[in-house]
Amino acid sequence: MPEHVSRRPDGHRLPALPQQRQTGSRSESVELTAEERDAFAELVRRLGDRAA
């Protein structure tokens, strides 16, 4: 039996994680300032340069 599964005293399996919802939650967003957008764009550029 995998480590992440245990058994209750009555023999039923106990998953390590509770049952998850099948549908996602609604989308959330935040507004970024111009400075935050620029900083994020710079971060993406730098990470892209590392991958090459």
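What follows is a look at confidence, salt bridges and a surface patch in a predicted model.

Confidence first. The protein chain averages a pLDDT of 77, with 56% of its residues at 70 or more. That average hides a spread: helix H1 comes out highest, at a mean of 92, while strand E1 (residues 5-7) sits lowest, at 57. Where pLDDT is low, the predicted coordinates shouldn't be read in detail. The features picked out below belong to the other end of the scale, with Phe40, for one, found in H1, which runs over residues 34-51.

On to the charged side chains. The salt-bridge count comes to two, and Glu42 takes part in both, pairing with Arg45 and with Arg46. For the Arg45 pair, the closest N and O atoms are 3.1 Å apart; for the Arg46 pair, the N to O distance is 3.0 Å. The spacing along H1 goes with this: Arg45 lies three residues from Glu42, about one turn of the helix, and Arg46, being four residues from Glu42, is also separated from it by about one helical turn. Put together, Glu42, Arg45 and Arg46 make up a linked salt-bridge network.

As for how open these residues are, Glu42 has 31% relative accessibility and so counts as partly exposed. Arg46, at 55%, passes the 50% cut-off and therefore counts as exposed.

Then there's the greasy side of things. Phe40, Leu43, Val44 and Leu47 form a nonpolar patch on the surface. Together these four residues offer about 380 Å² of accessible area.

Key: Residues are numbered from 1 along each chain as its sequence is written. This is a predicted model: local features need pLDDT of at least 70, side-chain atom pairs count only at pLDDT 80 or more; totals for chains, interfaces and linings use all residues. Side-chain values use heavy atoms; hydrogens and water are left out. Patches are made of residues with over 30% relative accessible area and no salt bridge: like charges are joined within 9 Å, nonpolar side chains (Val, Leu, Ile, Met, Phe, Trp, Tyr) within 5 Å. Accessible areas come from the Shrake-Rupley method with a 1.4 Å probe; for residues, only the protein chains shown count as cover. Helices (H or I, at least four residues) and strands (E, at least two) are DSSP runs, numbered from the N terminus. pLDDT is the predictor's confidence in each residue, from 0 to 100. Buried means under 20% relative accessible area, exposed over 50%, partly exposed in between (1.4 Å probe, protein chains only).
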